[in-house]
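Thanks for asking me to look this over. Here are my notes, written to be read with the structure open beside you.

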Amino acid sequence: MYIIVLSGVCGASQLGNLMSKDNHLVALECGNGWRALIEPLVALANECDATITQIKEKFGLLRVYYDPDQMTNDRMEDAVDRAEGLSGVTCEMCGAPGKLMTSGHWLKTLCANDALQLGYKKRA
Ligand SMILES: [Zn+2]
């Protein structure tokens, strides 16, 4: 039931994998740092019969798309809003506190260490 298609341009980020409750593969195409934001959403989607259709990184932030069940729309909406908001202060690579950083035209939310390693800088 939970067909989860992930996409996004994540450059150097690692490919992680999550498994939903009923063993459908969730390929996570962003850094492992956001795993802790995404796992509760997968659990909630399973719990309230919502189907997450896409999880990706967009303009440095987490974006989650889902088909809400009418009865549980509010719960998913709140949880997705919260996770997307937290992605703006959580390093995509390691989960430490982070900020939105730039490298040329690219945006990523990173901690200082990962920003340095990946060649990203604080936004002016
Ligand atoms: Zn980091």
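The points below go from the whole chain to its strands and turns.

1. A word on the model to begin with: it is predicted. Please keep that in mind when you look at the individual angles and pairings below.

2. For the general layout, the chain holds three helices and eight strands. Following the sequence, these elements come in the pattern β-β-β-α-β-β-α-β-β-α-β. The chain has 124 residues, and 32% of them count as buried. If we take the contacts with a separation of 6 or more, 37% are between residues that are 24 or more positions apart.

3. The first pair of strands I would show you is β4 and β5. β4 covers residues 51–58 and β5 covers residues 61–67. Seven bridges hold the pair in the antiparallel sense, and one of the pairings sets Lys-58 opposite Leu-61 in β5. Together β4 and β5 make a hairpin, with two residues between the strands.

4. Do have a look at Phe-59, in the loop between β4 and β5. Its phi is near 50°, which is a positive value in a residue other than glycine. Is Phe-59 buried or exposed? Phe-59 has 10 C-beta neighbours inside 10 Å, and it counts as exposed because the limit for that class is 12 or fewer.

5. A second hairpin is formed by β6 and β7, again with two residues between the strands. Here the turn contains Gly-104, with a positive phi of about 60°. β6 spans residues 99–103 and β7 spans residues 106–110; they run antiparallel and are joined by five bridges. Lys-99 has Leu-110 of β7 as its bridge partner.

6. β6 also pairs with β8: two bridges join them, and the strands run antiparallel. In this pairing, Thr-102 is matched with Lys-121 of β8.

7. Which order do the strands take in the open sheet of three? The order is β7-β6-β8, with antiparallel pairing. β7 and β8 (121–122) stand at the edges, and each has a single partner strand, so one side of each has no neighbour in the sheet. As a reminder, strands of a sheet pair through backbone hydrogen bonds, either parallel or antiparallel.

8. To put the two turns next to each other as you rotate the model: Phe-59 sits in the turn of the β4 and β5 hairpin, with a positive phi of about 50°, while Gly-104 sits in the turn of the β6 and β7 hairpin, with a positive phi of about 60°.

Note on methods. Residues are numbered from 1 along each chain as its sequence is written. This is a predicted model: local features need pLDDT of at least 70, side-chain atom pairs count only at pLDDT 80 or more; totals for chains, interfaces and linings use all residues. Helices (H or I, at least four residues) and strands (E, at least two) are DSSP runs, numbered from the N terminus. A residue is buried if 20 or more other C-beta atoms lie within 10 Å of its own, exposed if 12 or fewer, and partly exposed in between; C-beta atoms are placed from the backbone. Two strands pair if DSSP finds at least two bridges between them. Two residues are in contact if their C-beta atoms, placed from the backbone, lie within 7 Å.
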